[in-house]
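Let's take a friendly walk through this model together. Keep the sequence and the 3D view side by side as you read.

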Amino acid sequence: MKQVTIILDDYLYDFYRKIGENAGGLTPNKAMEDALFKLAGELSLNAIHKKGQADRN
């Protein structure tokens, strides 16, 4: 497993802290991890959809 370090402004860290608190007590790191994982899934689905459209043309 790889470890990634991200430098954030304080306001962005506070944003994820509040998101985590509202999501049942997640840490800011876990809230960011979940958000990035969800984004990766959405981007993958979009890429698959676009590829399927291109294959049909």
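A good place to begin is Gly41, which counts as partly exposed at 32% relative accessibility; buried means under 20% relative accessible area, exposed means over 50%, and partly exposed lies in between, with a 1.4 Å probe and protein chains only. Gly41 lies in helix H2. Helices here are DSSP runs of H or I with at least four residues, numbered from the N terminus. The C-alpha atoms of Gly41 and Gly24 are separated by 22 Å, with their positions 17 residues apart along the chain.

Before going further, please note that this is a predicted model, in which local features need pLDDT of at least 70, side-chain atom pairs count only at pLDDT 80 or more, and totals for chains, interfaces and linings use all residues. Residues are numbered from 1 along each chain as its sequence is written, and side-chain values use heavy atoms, leaving out hydrogens and water.

Now find Leu26, in the loop between H1 and H2. Leu26 is partly exposed, with a relative accessible area of 30%. From Leu26 to Lys50 there are 24 residues in sequence and 34 Å in space, C-alpha to C-alpha.

Next come the charged pairs. Side chains of opposite charge can pair when their charged atoms come close. For a salt bridge, a side-chain nitrogen of Lys or Arg must be within 4 Å of a carboxyl oxygen of Asp or Glu. The structure holds five salt bridges. One of them joins the side chains of Lys30 and Asp34 at 3.1 Å, N to O. Both of these residues, Lys30 and Asp34, lie in helix H2, four residues apart, about one turn of the helix. Lys30 is partly exposed at 33% relative accessible area, and Asp34 is partly exposed at 32%.

In helix H1, Arg17 and Asp14 are three residues apart, about one turn of the helix. Their side chains meet in a salt bridge of 3.7 Å, N to O. Arg17 is partly exposed, with a relative accessible area of 29%, and Asp14 is partly exposed at 33%.

Back in helix H2, the side chains of Asp55 and Lys51 form a salt bridge of 3.2 Å, N to O. Asp55 and Lys51 both belong to helix H2 and sit four residues apart, about one turn of the helix. Here both partners are exposed, Asp55 at 54% relative accessible area and Lys51 at 52%. Salt bridges that share partners also join Asp14, Arg17 and Glu21 into one network.

Let's turn to the nonpolar side of the surface. Val4, Ile6, Leu36, Leu39 and Leu43 form a nonpolar patch there, with about 500 Å² of accessible area together. Patch residues have over 30% relative accessible area and no salt bridge, with like charges joined within 9 Å and nonpolar side chains (Val, Leu, Ile, Met, Phe, Trp, Tyr) within 5 Å. Ile6 is found in the segment before helix H1 (10–22). Ile6 counts as exposed because its relative accessibility is 52%.

Where does the lining of the largest pocket mostly come from? Its largest share, four residues, comes from helix H2 (residues 28–56). The lining residues are Gln3, Val4, Thr5, Ile6, Leu8, Tyr13, Asn29, Met32, Glu33 and Leu36. On a 1 Å grid over the protein atoms alone, a pocket is an open set of points where a 1.4 Å probe fits, with protein on both sides within 12 Å along at least five of seven lines, and lining residues have an atom within 4 Å of a point. By class, six of the lining residues are nonpolar, three are polar and one is charged. The volume of the largest pocket is about 370 Å³.

Terms used:
Grid points are joined across faces, edges and corners, and a volume is the space filled by probe spheres set on the points. Helices (H or I, at least four residues) and strands (E, at least two) are DSSP runs, numbered from the N terminus. Ala, Val, Leu, Ile, Met, Phe, Trp, Tyr, Cys and Pro count as nonpolar, Asp, Glu, Lys and Arg as charged, and the others, Gly among them, as polar. Accessible areas come from the Shrake-Rupley method with a 1.4 Å probe; for residues, only the protein chains shown count as cover.
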